[in-house]
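Biologist: Please take a close look at the space enclosed inside this model, and at the parts of the chain that surround it. I would like one connected account that starts from the lining and works outwards.

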Amino acid sequence: MCIDMKITWNPQNENEEIAFFRVTDDSNGLIIDFDYFPNSQNLWDGIQMHNFEFILLDSPYYNAESNIYEIEIDKKRERFGYVIPINALVSCEGYFTGHIKNYAFVSYWYLLSQIDKFQNNKNSLTDYFHENLVVCVLNKETLNRHIKDYSPDLYLLSFYEKGYYRYGQKPTKLVKGYNYETLITTSNKIHIERGLSKCLENEFIKNLFCNYLPYEEVALARFIMSYQAIEHYMSEICHAEIEQIIFDYIDKKIYKNDYFDKVSKLGGERKQISLIFERIDKSHKSITEFKRECTLLYETINYSPDKEGIANLFYSFRNLLVHNYRILLDNEIQVSKTIQCFELLIVHICNNFTCS
C-alpha cells in the first residue's frame, strides 16, 4: 500500500449503521469506505495485525463462503488459526461468531494493507483480489509457544496436499477428473505439517509447485510436469550414490568388479526410483491412495505390473502413461484420479526426501 495512505477502523455504533474500514489519501483527496459485514462486537483488547502471521493462498475448490477451517500444525492439538476465503470476508451471511471473528477482522485489515493502489469506484476486497483467495491467519503467541524457526515455506507443500496453493495474480485451475472433495477429510480442521526437506529452497522445485502446476488444468500435462521433480531427485541420488561408491573403492571397501557392478546398476530408472522410495515415509496416506487408484485402473484395463512394491507400481504407471497411453483413452476419469494421486505422492516425496 502507498505510504501516503492510511487505514482507520470505524465500528458500528449509534451513529454508524454498519462497521467499515476507511482508506484515506490526503495527498490525492481519496476517501474509500469498505463495509465490514462480519461480526465485530467485543473483539480482543488491543487486537493488532502484528500479533498474527498471514499466508495468502489460492484454492480453486475450497473458496466458498463456508470453507472456513481451523488450522492445526505439526500434530499439536491446539488451534493455531484459520483459513478464511475472501468470499466469507465480504459476505453478509454472518459466518463469524465467537473467537473466529477476531481472525476475520485482522485478515480483512491485512488484505487492505496489501493493496498497492486504491480506486475511488472500487470499495470491496473482491475488486482487488480474485475469488480463489484464501487467507491463512495464525496466532503468533500460539506459534511461538509451539513452533521453532517458523517459516511459511516449510508448510506450503502440506497446504498443497489439501488443495491450497500459493496466491498469485491469476486464479488457479480445477482439473477435470480430480477428486477435490477428499483432500480435506475432517469437517472443520486442516492438519498441516512441516516438511522434512528444504525442497522449496531449490528454485526449480519451488517454481514447479508455486508457478506451474497450480495453473495447469490438463491432468496429463500435470503428470509430465510433476514427474520432473522425480527426474531432479534421481539426478541428486545418483550423484550421492556414485560419490559413496567412489569413496568405498578408494578406501578399498569394495573391489574393481563391485565398483563397476554398482555403478552400472545405478543407470536404470527403476533402481533410482527404488532408492528414492527407500528414503521416504511409506505409511503416508498418499501411498495408500495411489495404490488404490492405480490398482482400480489396472483392473479396468486388465493390466499387470511386472514387479510388486510401491516403487515398482509408481514406475509402471509412469511407463504406462509414457509408452502406452493409447490403451487408456477410454478411461479418462480414472486416469485423472490416478494422476492426481501420483502428483500428491510426488508432493510427499518432495516434502520428505533427503539424499542422506
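Modeller: In this predicted model, helix H11 makes the largest contribution to the lining of the largest cavity, giving three residues. That lining is made up of Tyr160, Gly163, Tyr165, Tyr178, Tyr180, Leu183, Arg222, Gln340, Glu343 and Leu344, and the space they enclose amounts to about 60 Å³. Sorted by class, the lining residues of the largest cavity are six nonpolar, two polar and two charged.

The search of the whole structure, which counts cavities of 30 Å³ or more, returns two. The second largest has a volume of about 40 Å³, and its lining consists of Leu156, Leu157, Tyr160, Tyr164, Tyr165, Arg166, Leu200, Phe209 and Cys210. Helix H4, strand E8 and helix H5 are the elements that each give two or more residues to this lining, with H4 supplying the largest share, three residues. By class, eight residues of the lining of the second largest cavity are nonpolar, none is polar and one is charged. Tyr160 and Tyr165 are named in the lining of the largest cavity, and Tyr160 and Tyr165 are also named in the lining of the second largest cavity.

Helix H5, which runs over residues 203-212, deserves a look of its own, as its buried residues are Ile205, Lys206, Asn207, Leu208, Phe209 and Cys210. Phe209 and Cys210 are among the residues that line the second largest cavity. The buried residues of H5 pack against H4, against strand E8 (165-166), against helix H6 (219-250) and against H11. At the start of H5, the backbone nitrogen of Phe204 has a side-chain oxygen of Asn202 within 2.9 Å of it.

Aromatic rings add a further link to these linings. One cluster, joined by ring pairs, takes in Tyr61, Tyr62, Tyr69, Phe159, Tyr164, Tyr178 and Tyr180. Of its members, Tyr178 and Tyr180 are also named in the lining of the largest cavity, while Tyr164 is named in that of the second largest cavity. Over the whole structure, the search finds 43 aromatic pairs. In one of them the ring centres of Trp44 and Phe52 lie 6.5 Å apart with planes at 0°, so this pair counts as stacked. Its two partners fall into separate accessibility classes: Trp44 is partly exposed, at a relative accessible area of 36%, whereas Phe52 is buried, at 5%. Another pair is formed by Phe290 and Phe342, with centres 6.0 Å apart and planes at 55°, so it counts as tilted. This pair joins distant parts of the chain, as Phe290 belongs to helix H9 (residues 285-301) and Phe342 to H11, the two being 52 residues apart. Phe290 is buried, with a relative accessible area of 0%, and Phe342 is likewise buried, at 0% relative accessibility. H11 therefore carries a buried ring paired with one in H9, in addition to giving three residues to the lining of the largest cavity.

H4 and H11 also come into the account of the open spaces. The largest pocket holds about 500 Å³, and of the 21 residues lining it, Glu161, Lys162, His191, Glu193 and His284 are the closest to its centre. Two or more lining residues come from each of H4 (156-161), strand E9 (189-192) and H11 (332-352), and E9 contributes the most, with four residues. The lining of the largest pocket comprises five nonpolar, eight polar and eight charged residues.

The second largest pocket has a volume of about 240 Å³. Its lining is formed by Leu56, Gln114, Ile115, Asp116, Lys117, Tyr128, Phe129, Tyr167 and Gln169, which by class are five nonpolar, two polar and two charged.

One detail of the backbone remains, in the loop that follows H6, an element against which the buried residues of H5 pack. The loop between H6 and helix H7 (256-266) holds Lys252, a residue with a positive phi of about 60° although it is not a glycine. Lys252 is exposed, at a relative accessible area of 72%.

Methods: Residues are numbered from 1 along each chain as its sequence is written. This is a predicted model: local features need pLDDT of at least 70, side-chain atom pairs count only at pLDDT 80 or more; totals for chains, interfaces and linings use all residues. Side-chain values use heavy atoms; hydrogens and water are left out. On a 1 Å grid over the protein atoms alone, a cavity is a set of points where a 1.4 Å probe fits but cannot get out, and a pocket is an open set with protein on both sides within 12 Å along at least five of seven lines; lining residues have an atom within 4 Å of a point. Grid points are joined across faces, edges and corners, and a volume is the space filled by probe spheres set on the points. Ala, Val, Leu, Ile, Met, Phe, Trp, Tyr, Cys and Pro count as nonpolar, Asp, Glu, Lys and Arg as charged, and the others, Gly among them, as polar. Buried means under 20% relative accessible area, exposed over 50%, partly exposed in between (1.4 Å probe, protein chains only). Contact means heavy atoms within 4.5 Å. A polar contact is a pair of N or O atoms within 3.5 Å; within protein, one must be able to donate a hydrogen and the other to accept it, and residues adjacent in sequence count only if both atoms are side-chain atoms. Rings of Phe, Tyr and Trp (its six-membered ring) pair if their centres lie within 6.5 Å; planes under 30 degrees apart count as stacked, over 60 as edge-to-face and the rest as tilted.
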